[in-house]
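User: I have a model open and would like to go through some of its labels with you. Could you explain the reasoning behind each one?

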Amino acid sequence: MTTTDRGDVVAEITAALHSRGERMTTPRRTVVEALAREPGHLTAEQVVAAVSNSPVHRASVYRTLDALCDLGVVQHVHVGHGATTYHLVDRSGPHPHGQCGRCGVIYDLPQRIFNTVTSRLHREIGFRLDAYHVALSGVCANCVATGADESKSSPA
């Protein structure tokens, strides 16, 4: 992601917050910039490390991540037995995730992947599925191809 892309992301999130009557505070800007700068799904500790050269305190990072999740601009995902991870929500909104149980890689899954099961659960038993906060477990194509799916029992 280029500096311009990061600036665009920060500007978009700032506008989204303002449209909800919220402010883009220094901790929020710092955390958003870190999430925009670092690829993938980061743990809170990785975000803390990414902002270590800023005046934002560790406790503020945790509070800010929670606030940004509540505001819908950051998504948190519980992965296996590991720490919760965070990433910016793009224009399409939150999406489900999968995690390889062998190598630990986290995959973004298409939003529509649960449409049928979500509708069926709601129609048949009144259950409203929220599939965006927990990663599905499985084995990725690379681990299957290398035979790692048979030799390891937990993520790296």
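User: Thanks! Which residue stands opposite T84 in β3?

Analyst: Happy to help: H78 stands opposite T84 in β3. Strands here are DSSP runs (E, at least two residues) and helices are H or I runs of at least four, numbered from the N terminus. This is a predicted model, where local features need pLDDT of at least 70, side-chain atom pairs count only at pLDDT 80 or more, and totals for chains, interfaces and linings use all residues. Residues are numbered from 1 along each chain as its sequence is written, and side-chain values use heavy atoms, leaving out hydrogens and water.

User: What makes β2 and β3 a pair?

Analyst: Two strands pair if DSSP finds at least two bridges between them. Strand β2 (residues 74-78) is joined to β3 by 5 bridges, so the pair qualifies, and the two run antiparallel. They form a hairpin with 5 residues between them, and G80 in the turn has a positive phi of about 45°.

User: How do you know that β1 pairs with β3?

Analyst: Strand β1 (residues 42-43) has 2 bridges to β3, in the antiparallel sense. Here T43 stands opposite T85.

User: Why is F127 called partly exposed?

Analyst: Buried means under 20% relative accessible area and exposed over 50%, with partly exposed in between (1.4 Å probe, protein chains only). F127 has 45% relative accessibility, so it counts as partly exposed. The residue lies in the loop between α5 (115-125) and β6 (136-138).

User: What makes β3 mostly covered?

Analyst: In β3 (residues 84-88), 5 of its 5 residues are buried. T84, Y86 and L88 point one way, and T85 and H87 the other.
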